[in-house]
Amino acid sequence: MAFSSSCSSVKAVNSRWTSPSPSPSSRLAVIPAFLHRRYTASVKLTATSAALKTVEQTTLTEDNKFSTVGSDSDEYNPTLPKPRILVAEKLGEAGVNLLREFGDVDCSYDLSPEDLKKKVAESDALIVRSGTKVTREVFEAAKGRLKVVGRAGVGIDNVDLQAATEHGCLVVNAPTANTVAAAEHGIALLASMARNVAQADASIKAGKWERSKYVGVSLVGKTLAVMGFGKVGTEVARRAKGLGMNVISHDPYAPADRARALGVDLVSFDQAISTADFVSLHMPLTPATKKVFNDETFSKMKKGVRLINVARGGVIDEDALVRALDAGIVAQAALDVFCEEPPSKDSKLIQHENVTVTPHLGASTKEAQEGVAIEIAEAVAGALRGELSATAVNAPMVDPEVLSELTPYIVLAEKLGRLAVQLASGGKGVQSIRVVYRSARNRDDLDTRLLRAMITKGIIEPISDSYVNLVNADFIAKQKGLRISEERMVVDSSPEYPVDSIQVQILNVESNFAGAVSDSGDISIEGKVKYGVPHLTCVGSFGVDVSLEGNLILCRQVDQPGMIGQVGNILGEQNVNVNFMSVGRTVLRKQAIMAIGVDEEPEDKTLEKIGGVSAIEEFVFLKL
């Protein structure tokens, strides 16, 4: 991909398109057209439309998700009103107490869908278990206020993740606290089913003594197929090995070395179900796994197989399971979860004599309940503070150490995006962005997802009414018709720092400040982090050095003595404090750009006076 700049030199270039393609849902937006002498007839702030152009819609891919919410402007401020947290299902007291230390907690259980929608409109966070459906309508009712949904447990099939992402809402869960409890319950069902414990108990309580009827089967030497080798599946396998069982597993994403360490063989789906004496389900409910255990699947199983499910009810076609039980293909089933919870009283599956059932008790131990409550409370509170959540499910995971290292560059990225879009005029509209990262590190050692998201946030928010965060940045970009490409360039700098500089280019648009147009004809600005503070280091072809704090005035001028003093005096007379000033030029006594950081927003008359300086050819005021 071609690139030119007089501000930096490079050794190598890597490029790829990374953000989603534009969408026909783009609409006209308003860009502040900030004052400049050469290109504006009036000194009053005006607006230019047609910021974003409509093009064909494409589908958002799994790669276009992000790792946390918030930015430097979204961080939790203890002086602001406490966030409101709605707890819609029973949560352990330890978790509720933790939440009360952070925000105003509303524990309202058994809400109707309508009541839930009314409540979320006044809530910053929502915590649910498995019984509450957090639908698209719920997110729409929240009108952007809802920042995080916490699922107190592992599965998130009761939360509309796509709608959450579209509305910029982070979804977090508690995947570790109930792992052991769920695995123990799976083993409990396995053993009790094999020995007919539930049926024998009911028989005795009915006044019968039927020893010969309830002869069981031994577990030792039998083959258990663990379908899904995640956290719970791994713990079930570990315990089953202790019972003397031969354990195999099917999971297309499980690492083979972890399975081998436990003495578990990873096999294909068909091999697992066709050779197992017992099948234990530990897979999530997704479009690919919904009713994956159906008539066809059961027909491939060994006759007399026994089935355990402590995962999700929807992975089994319950009618097909009844037919398999009646045909003797499945000898017994032990179920803790169901397609509909609670199941109907007259369900043929529930009433089947060879089925053992429990009311979704997988995580129901005192220890697990407290652990889940604390884990989800910490995740929700952290997300509201703008911290990275390690349990985010609609955003890719980013190592906390990586986030810590990138934090000052995240601030730089957003501010560069804000500056760049304010330098674009109307007409064709902002459509294509190129971002260039210069770094001494190898490509694989630089994770730019956070930086790309914050540049997107900086570009979009000043020109629309959209709220953009790291969860929905790419979705909003697609919606607004914005396409972003990334390039990585290797430079001779210290690999101690992840990024040497970031350059943001807006392609194929006119600029309201000609000095920001590079040799390639595109708007171009570049910045670095110095001593932990973001700096603007290049505007167009002009090198500058100004701290990105407060606001910014850019002046293109004839390079001559006294310019700094003239502009400084004008600002001083109007009580506008200058926090930073830098001048960059291409040729001595020809042209230069003066970059001035100011704490306040100058009045129109102050800007008029700056524009009246004879040597100033154009200027622009930019809000940070």
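**Notes on a predicted 624-residue chain**

1. Let's start with a strand pair: β22 (residues 551–558) and β25 (616–623) are joined by seven bridges and run antiparallel. Within that pairing, Gln557 of β22 sits opposite Ile616 of β25. Please keep in mind that this is a predicted model.

2. Which helices pack on the sheet around this pair? Helix α17 (residues 563–573) is one of them, and touches β22, β23, β24 (591–598) and β25. The direction of α17 makes about 30° with that of β24. Helix α18 (residues 604–611) also packs there, touching β22 and β25, and its direction makes about 150° with that of β25.

3. Here is the sheet itself. This open sheet has four strands in the order β23-β24-β22-β25, and the pairing is antiparallel. Its edges are β23 (578–585) and β25, each of which pairs on one side only. From one strand to the next, the twist averages 15°.

4. The other sheet to look at is also open: seven strands in the order β11-β10-β9-β12-β13-β14-β15, with parallel pairing. Here the edge strands are β11 (265–266) and β15 (355–357), each pairing on one side only. Helix α11 (residues 318–326) lies across β13 (305–309), β14 (330–335) and β15, and runs at about 140° to β14.

5. Strand β9 (residues 223–227) is worth following in both directions. Towards β12 (residues 278–281), β9 makes four bridges in the parallel sense, and Leu224 has Phe278 as its bridge partner there. Towards β10, five bridges join the strands, again running parallel, and Thr223 is partnered by Asn246. The chain gets from β9 to β10 through helix α7 (residues 231–242), and this β-α-β crossover is right-handed.

6. Strand β10 (residues 246–250) is mostly covered, with four of its five residues buried. With β11 it forms a parallel pair over two bridges, in which Ser249 stands opposite Leu266. The connection between these two strands is worth a look as well: β10, helix α8 (residues 256–261) and β11 form a right-handed β-α-β unit.

7. How many aromatic pairs does the structure hold? There is one: Phe269 and Phe293, in a tilted arrangement with 5.8 Å centre to centre and 45° between the planes. The pair is tilted because 45° is neither under 30 degrees, which would count as stacked, nor over 60, which would count as edge-to-face. It links distant parts of the chain, with Phe269 in helix α9 (residues 269–275) and Phe293, 24 residues away, in the loop between β12 and α10 (295–299). Phe293 is classed as buried because its relative accessible area is 0%, and the cut-off is under 20%.

8. On to the nonpolar interior. The largest nonpolar core has 55 residues, and those with the most contacts inside it are Leu423, Ile433, Leu451, Ile502, Leu536, Leu552 and Leu554. Helix α14 (residues 400–422) gives the largest share, ten residues. A second, separate core has 31 residues, including Val267, Ala333, Leu335 and Ile350.

9. If you want one residue to centre your view on, try Leu554. Leaving aside residues up to four places away in sequence, Leu554 touches Leu423, Phe513, Leu536, Val539, Ile593, Met594, Ala595, Glu618, Phe619, Val620 and Leu622.

10. Is helix α16 (residues 473–480) mostly covered or mostly uncovered? It is mostly covered, with seven of its eight residues buried. The buried residues are Ala473, Asp474, Phe475, Ile476, Ala477, Lys478 and Lys480, so charged residue names such as Lys478 and Asp474 appear in that list beside Phe475 and Ile476. Helices α4 (161–166) and α15 (449–460) are included in what covers them. Just after α16 comes Gly481, with a positive phi near 80°.

11. Finally, the chain as a whole. The secondary structure comes to 18 helices and 25 strands, and buried residues make up 53% of the 624 residues. Of the contacts between residues at least 6 apart in sequence, 70% join residues at least 24 apart.

How values were computed: Residues numbered from 1 in each chain as written. Predicted model: local features only at pLDDT ≥ 70, side-chain atom pairs only at ≥ 80, totals over all residues. Heavy atoms only, no water. Pairing = 2+ DSSP bridges. Contact = heavy atoms within 4.5 Å. Axes fitted to C-alpha atoms, helices over the stretch in contact; angles between N-to-C directions. Phe/Tyr/Trp six-rings, centres within 6.5 Å; stacked < 30°, edge-to-face > 60°. Buried < 20%, exposed > 50% of the residue type's maximum accessible area, 1.4 Å probe, protein only. Right-handed = clockwise from strand over helix to strand, strands pointing away. Core = buried A, V, L, I, M, F, W, Y, C linked by side-chain atoms within 4.5 Å.
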